[in-house]
Amino acid sequence: MRDVAIVSVAQSVHRRSARELNEVEMIQPVIRQALDQVGVQKGEIDFTCSGSSDYLAGQAFSFVMTLDAVGPTPPISESHVEMDGAWALYEAWVKIQTGHADTALIYGYGKSSPGDLPRVLSRQLDPYYYQPLWPDSIALAGLQARLMLEQGLITEQEMAEIAYRSREAAKTNPHAQLQGSQSVEELLAQPRSYDPLARHDCAPITDGGVAIVIAAGEKAAKWCSRPAWIRGIDHRIDSHNLGARDLTKAPSIGIAAAKAGVHDGPIDIAELHAPFTHQEKIIRTELGLSDEVVVNPSGGPLAANPMMGAGLIRLGEVAQRIHSGEANRGVAHATSGLLLQQNLVAVLEGE
Amino acid sequence: MGEPLELLSAPLVIEYPFNRTTGPVIGAFLTGLRDQRVVGIEGDDRRVVCPPVEYDPHTGSPLTDLVAVGTEGVVQTWAWVETVREGQPLQQPHALALILLDGADTAMLHVVDCGSPDALSTGDRVRIRWAEERSGSICDIECFERVGGEQ
């Protein structure tokens, strides 16, 4: 395997609505910053890969227009996934492994504000049995949360503590949309508006994006004094048949973690893509993280959740803490689909 | 310059007017609903998957053995939908639920008309309320309602 590292990370200041910006205007400064941080001109990038969703943009092949943010002329080698940018990074990593590229630019972005996101997300589901019911993403998450609560796998107290810890951690994250939290006691006194979920259990709706540069071997060492080496990366999927799955578990995370080598060494930090409080518990359990691991020091998706970017941001947040020397070995998790259906796990290391 | 720009926006409604061919398994289920019958399918392990799937969830082999299941079942889990969205089966607040029909081993996603979240508990028995006009769609089930429950 070729040694490949994340060498640069940039993200937008996430907010509820970037109404005055189109997708190109929103992501272009982020891409520019990611390239500038390593002093790279666009001609030095071998491969460009993005993650975004036409269902959010309201337009077929919407990513083609966003390529204006990269500058695709003269022609560049480029690809796109209709998924979170974490899977775009996976594609770029494979491209580098095959020897067809040494460097790659990856970005993921989403403007959720133009539509009704919980309704839009129902379009990911089975078209015969689920889609005609228009089940919204919050109620679907509630099905999972109630199973966990009633089976004693989590408590409302734990869920409120996850919400509190995440949004308090986000106070030091200049990109976060929600910073700071009411106390756990105050959260527990809030109505369960989406019974069994309360508002604080849900990620915010966010407009924003992220860009990352990865490079192989010597190039990585040249562009970054302490690259975040991708030691393992794998993604797996569970059934889309919600009624046939045990929703309190996500076996695909455990498989991806084993393939990525999560337990081949100690983990300092973990950034987990859990858009709902109870899902953090599922991911932690499947990853087998000890209580000492610092989880979501950035605040995680509960503090900012740009669709198609929030998973790639998890890789970026771990990488930046390795760049700075704050961490040496971290795990990043990204999810796609509803109720933790598909999952990617990556292990990043400084030394 | 200096004046804040007025932000212009225009509505855009996307529709995907597909007609899909549902095939012998999904088609049998949807046709059954039109006739007020519910069918599942036997997996390789003899467990009954309902709604039926074309391929075994574990082995991936094609499945063909359709079996009748009940029109009543048990609520496995549920969530309250206070803000009803366009297109949802009920236009008043209701529960989204996973329901294990009698004779089935996997749960069906649908909605329960029960008035308030205080009126529903996991484990409650519910039965199908059929739509008056049925066309071979999951929406031929208008909703579920509690067995013996007050509306």
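Select K281(A) to begin: it is partly exposed, with a relative accessible area of 24%, where buried means under 20% relative accessible area, exposed over 50%, and partly exposed in between (1.4 Å probe, protein chains only). This is a predicted model, in which local features need pLDDT of at least 70 and side-chain atom pairs count only at pLDDT 80 or more, while totals for chains, interfaces and linings use all residues. Residues are numbered from 1 along each chain as its sequence is written, chains are lettered from A in the order in which they are written, and side-chain values use heavy atoms, with hydrogens and water left out.

Now add E158(A), whose side chain meets that of K281(A) in a salt bridge at 3.0 Å, N to O; a salt bridge is a side-chain nitrogen of Lys or Arg within 4 Å of a carboxyl oxygen of Asp or Glu. The pair links distant parts of the chain, with E158(A) in helix α7 (residues 156–169) and K281(A) in helix α11 (residues 277–287), 123 residues apart. Helices (H or I, at least four residues) and strands (E, at least two) are DSSP runs, numbered from the N terminus.

For a pair within one helix, select D36(A) and R32(A), which form a salt bridge with the closest N and O atoms 3.0 Å apart. Both lie in helix α1 (residues 23–37) of chain A, 4 residues apart, about one turn of the helix.

Move next to the boundary between the chains, where 37 residues of chain B are in contact with 33 residues of chain A, contact meaning heavy atoms within 4.5 Å. Chain B and chain A bury about 3,100 Å² between them, 63% of it on carbon and sulfur atoms; buried area is the accessible area (1.4 Å probe) that two parts lose on being put together, summed over both. Select L7(B), R85(B) and L109(B), which supply 20% of the area that chain B buries against chain A, more than any other three residues.

Stay on R85(B), which is buried, with a relative accessible area of 14%, and show D116(A), its salt-bridge partner, with the closest N and O atoms 2.7 Å apart. Between chain B and chain A the count is 3 salt bridges.

Finish on strand β4 (residues 72–81) of chain B, where 7 of the 10 residues are buried, so the strand is largely enclosed by the rest of the structure. β4(B) runs antiparallel to strand β5 (residues 94–101) of chain B, joined by 8 bridges, two strands being paired if DSSP finds at least two bridges between them. In β5(B), L101(B) is the bridge partner of G73(B).
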